[in-house]
Amino acid sequence: MLTLTPVITVSYEVKCAFLFLSALEFAVGIMTNTFIFLVNFWDVVRRQPLSNCDLILLSLSLTRLFLHGLLFLDALQLIYFQRMKDPLSLSYQIIIMLWMVTNQAGLWLTTCLSLLYCSKIVRFSHTILLCLASWVSRKVPQMLLGAMVFSSICTLICLGDFFSRSGFGFTTMLFMNNTELNLQITKLNFYYSFIFCTLGSIPPFLLFLVSSGVLIVSLGRHMRTMKAKTKDSHDPSLEAHIKALRSLISFLCLYVVSFCAALISVPLLMLWRNKIGVMICVGILAACPSIHAAILISGNAKLRRAVETILLWIQSSLKVRADHRADPRTPDLC
């Protein structure tokens, strides 16, 4: 049986290192997702039509901003307020449950993105699949609305179940003086709420796997066709397949890693009370959405152009400042 030494308290140096890492991950996550949001929101301000992909990225960036805020609150809770002798305070449980439902909303949005990629890139031959792909391309706003409605329903159900169990646990504690038994009841209620919220992620995850699998099969079929017909290295369809799969497979890997980290953090918190292990899991959870946001920026032409524009502006500003320092006689226009 796997046993870990309980780490009830951690040193000041570990807390400082974890705080620095959490602040860095929070800053990177906020910067990348705010950038995605502002680039697409600027088109809305200028009353330019947003593409379906941009609409999904706009919604996803908003979800990720809230997600990073929750994870940073989680880190602060671990550093300053969490006592591992009583690990499941109500505030910590609320942060975890809100993280789970927000992460589920992000999964739905990424599933919509994978379905859009699938409908735009894959060449279907069957009539039903052609009609389905055409419907997905035309109904992205409705899909987003449906995903948000489903996520909201799951959120209400999960939070209702959580608070009902918490209320039952609180009522039980009023009539019992056994501290250890009260803690076991709290653990059991939190465990059931955690599993209940996890079940809501199964439908979007299955849809994501199916659409990503269709893209992989389509890529293999396309490569065989191109290999038999021509040796031209520049193929727009092949590049579109690769860019879409790079985004989706990276999300799949990062989602599995973050889900495993969240799953491992539960026994680390409830059974082994290992604070350092929980801190490592929270660090992994915060890193995954930031990495995926950077991959989305690198794979989107409009976002890449915006990054290049910003870098050119910074480079020109630095050059003007350096020229002004080299020749102090240059008049200051400001």
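**Figure 1. Helices α2 (52-81), α3 (90-121), α8 (236-270) and α9 (275-299) each contribute at least two residues to the lining of the largest cavity.** The view is taken from a predicted model. Within this lining, α3 supplies the largest share, with five residues.

**Figure 2. Close-up of the largest cavity, which holds about 170 Å³ of space.** Its lining consists of 17 residues, of which R64, L67, N103, F251 and P289 are the closest to the centre. By character, ten residues of this lining are nonpolar, six are polar and one is charged.

**Figure 3. Close-up of the second largest cavity, with a volume of about 120 Å³.** This cavity is lined by 13 residues, and those closest to its centre are M100, N103, S201, Y255 and F259. Nine residues of the lining are nonpolar and four are polar, while no charged residue takes part.

**Figure 4. Helices α3, α6 (179-199) and α8 each provide at least two residues to the lining of the second largest cavity.** Here the largest share again belongs to α3, which contributes five residues.

**Figure 5. N103 in the linings of the two cavities.** N103 is among the residues closest to the centre of the largest cavity, and N103 is likewise among those closest to the centre of the second largest cavity. Helices α3 and α8 each supply at least two residues to the lining of the largest cavity and also at least two to that of the second largest. In total, the predicted model contains five cavities of 30 Å³ or more.

Notes
Residues are numbered from 1 along each chain as its sequence is written. This is a predicted model: local features need pLDDT of at least 70, side-chain atom pairs count only at pLDDT 80 or more; totals for chains, interfaces and linings use all residues. Side-chain values use heavy atoms; hydrogens and water are left out. On a 1 Å grid over the protein atoms alone, a cavity is a set of points where a 1.4 Å probe fits but cannot get out, and a pocket is an open set with protein on both sides within 12 Å along at least five of seven lines; lining residues have an atom within 4 Å of a point. Grid points are joined across faces, edges and corners, and a volume is the space filled by probe spheres set on the points. Helices (H or I, at least four residues) and strands (E, at least two) are DSSP runs, numbered from the N terminus. Ala, Val, Leu, Ile, Met, Phe, Trp, Tyr, Cys and Pro count as nonpolar, Asp, Glu, Lys and Arg as charged, and the others, Gly among them, as polar.
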